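This report walks through selected local features of one protein chain. Have the sequence and the model open side by side.

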Amino acid sequence: VLPSPDGPAPSVSITEIRQYLRAQDIPFHDGYSCLHTPSLFTGDRGDQPLSANAPFTLFIDKTTGSFLCTATLAEGTWQDFQANVELRLRGVTPIPPANSEEREEEMRQAREDARCIWERALPLWELLDEKETKETKALFGISMVTDATLKRFGVRYLRTARALVFPWFSPQDATLKGLKLVRVEKKGGTITYVEETLPRFDSYRNLFGLPLIGRRDTELVLTGWELDAVALHQAAGVASLALPRGASCLPPTLLPYLEQFKRITLWLGEDLRSWEAAKLFARKLSLKRCSLVRPGNLQPRPLEALNQGLNVTKILRSALLASHKSIVSFRQLREEVFGELANTEQVAGIKWARFPELNKLLKGHRRGELTIFTGPTGSGKTTFISEYALDLCMQGVCTLWGSFEINNVRLAKIMLTQFAGRRLEDQLELYDEWADRFEELPLYFMTFHGQQNIKTVIDTMQHAVYMYDITHVVVDNLQFMMGHEHLSMDR
């Protein structure tokens, strides 16, 4: 829920961060999306100034001021960083901000569960039955992926769940921190991949493939799926990583691990949503070092490219630079225009699964568009819009709710009931099961209620867009947000 109950965290500008570091005699490098400094949490203690010879393992996010120390995994807000600098000046050992006990316990339990699953999972080549191995590989479309590649990335198979298991190892000491299970579901002729993570969705921050990256690697391909990263490494021998939530989100806590690369190619998938996400992520990563692989018939996702025998190295070479100049000729836009003509369905946006009539009217949900729903009080606007937003959210559209009229608990109750499709008050024993599934959705709520200062609301939205890659914001409703006394002014 955004922002925290004691109001949104005060925003900080990059200029203020630089001024503070200089005033405190803290040496720093200017990176792509972070400032790099020696860590407060390692090495020398007390009132000694931080040495410029120490490894620069602490990264400060240029947009939010949050920090992460990759050596100790200490992380916190800009305010936490300043507090620790003050402690250090007084000769006190800085202490990393701690999670709540409840959260710590949850993470410990998740690690324990992950370890049990990991020990039960087998490497695919150890399934004694060759037929089973072949069928399993065919099911996941990895018949072309060699055992050596799977072994290198540590991919295993859990027989009981018929799922592939992708490990998350701590970059600090290579212990198992969690894992992702991927299984295949067939409905009619279509195949869908169902993913489950331990720990839960919001604290799963694994850059799959990170332990295999060398200190000297300067070029990277960023993919939206673990098997794409595996296929890329096999087909082109390049350093490749997979984002934990694919094309839906690039959590800012992962940016420090991507600072060492001078060139990053984003190849997130084969549809237009992946292309839009790649453009968004490139802005976070700094446009000048990013290139994008444009989805197309001859440029499918990496695993498909490997299976079709396409030249993956050639596709990577043809990636487009993310930073367009301010003035372009049609020649530079030509490929993009062709893509829009060839994918008219996808260009129309993400279709609603439950509202075919709405698809006829609006075609689909597209970024950068404003839709206003009007109707008299009590006509069902909120009920309908919560169903409408839920439909998109279940398809992976990251959604932020600003409900100024009804409180978040009531709104969440309505949405959970719609999500479960049943009256949960009559079946309370099912509550936890549905709540667990509901919690996996990329859904966030603003904590405002009643009339608000518009600037505060917009700042919170911008923060949410950066942190959670929100692509759909619902404001319910404008009148409450504006307050009634503003009705005479130009709205």
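## Ser170 and its surroundings

A residue counts as buried when its relative accessible area is under 20%. Ser170 has 5% relative accessibility, so Ser170 is buried. Keep in mind that this is a predicted model.

Ser170 sits in the loop between β7 and β8. Which residues does Ser170 contact, leaving aside neighbours within four places in sequence? They are Leu73, Thr175 and Lys177. Pro211 is 41 residues away along the chain, and its C-alpha atom is separated from that of Ser170 by 8.3 Å.

## Ala174, in the same stretch

Ala174 is also found in the loop between β7 and β8. Its relative accessible area is 56%, so Ala174 is exposed. Its phi is near 60 degrees, a positive value in a residue other than glycine. Most residues other than glycine have a negative phi.

## Leu285 and Ser286

Leu285 belongs to helix α7. Its relative accessible area is 0%, which means that Leu285 is buried. Not counting residues up to four places away in sequence, Leu285 touches Tyr32, Leu222, Leu250, Leu255, Leu258, Ile264, Leu266 and Cys290. Thr456 is 171 residues from Leu285 along the chain, and the two C-alpha atoms are separated by 26 Å.

Ser286 is in the loop between α7 and β13 (290-292). Is Ser286 buried or exposed? At 11% relative accessibility, Ser286 counts as buried. Ser286 is not a glycine, yet its phi is positive, at about 90 degrees.

## The cavity

How many cavities of 30 Å³ or more does the structure hold? There is one. The largest cavity has a volume of about 40 Å³. Its lining is made up of Leu266, Trp267, Leu268, Gly269, Ser274, Trp275, Ala278, Val293 and Pro295.

Two elements, β12 (263-267) and α7 (272-285), give two or more residues to this lining. The largest share, three residues, comes from α7. Leu266, one of the lining residues, is also among the residues that Leu285 touches.

## Salt bridges

The salt bridge count comes to 27. One of them joins Glu132 and Arg159, with the closest N and O atoms 2.8 Å apart. This pair links distant parts of the chain, 27 residues apart. Glu132 is in helix α4 (residues 130-139), and Arg159 is in the loop between β6 (156-158) and β7 (163-169). Arg159 has a relative accessible area of 42%, so Arg159 is partly exposed.

Lys180 and Glu195 also meet in a salt bridge, at 3.2 Å from N to O. Lys180 lies in strand β8 (residues 176-187) and Glu195 in strand β9 (residues 190-198), so this pair ties together parts that are 15 residues apart in sequence. Lys180 is buried, with a relative accessible area of 1%. Glu195 is partly exposed, at 38% relative accessibility.

## A further pair and a network

Glu185 forms a salt bridge with Arg183, and here the closest N and O atoms are 3.1 Å apart. Glu185 counts as partly exposed, at 28% relative accessibility. Arg183 counts as partly exposed too, at 30%. Elsewhere, Arg200, Asp436, Glu439 and Glu440 are joined into one network by salt bridges that share partners.

## Asp391, a charge without a salt bridge

Asp391 lies in helix α13 (residues 381-393). Asp391 is buried yet has no salt bridge. Why does Arg354, the nearest side chain of opposite charge, not count as a partner? Arg354 is 4.1 Å away, and a salt bridge needs a side-chain nitrogen of Lys or Arg within 4 Å of a carboxyl oxygen of Asp or Glu, so the pair misses the cut-off.

The side chain of Asp391 does reach the backbone nitrogen of Arg354, at 2.7 Å. Leaving aside neighbours within four places in sequence, Asp391 is in contact with Lys351, Trp352, Ala353, Arg354 and Phe355.

## A cis peptide bond

The peptide bond from Leu198 to Pro199 is cis, with omega near -5 degrees. Pro199 lies in the loop between β9 and β10 (219-223). Most peptide bonds are trans.

Conventions. Residues numbered from 1 in each chain as written. Predicted model: local features only at pLDDT ≥ 70, side-chain atom pairs only at ≥ 80, totals over all residues. Heavy atoms only, no water. Helix = DSSP H or I, 4+ residues; strand = E, 2+ residues; numbered from the N terminus. Buried < 20%, exposed > 50% of the residue type's maximum accessible area, 1.4 Å probe, protein only. Lys, Arg positive; Asp, Glu negative; His and termini not counted. Polar contact = N/O pair within 3.5 Å; in protein donor to acceptor, adjacent residues only side chain to side chain. Contact = heavy atoms within 4.5 Å. 1 Å grid on protein atoms, 1.4 Å probe; cavity = no way out; pocket = protein on both sides within 12 Å on 5 of 7 lines; lining within 4 Å. Points joined across faces, edges and corners; volume = space filled by probe spheres on them.
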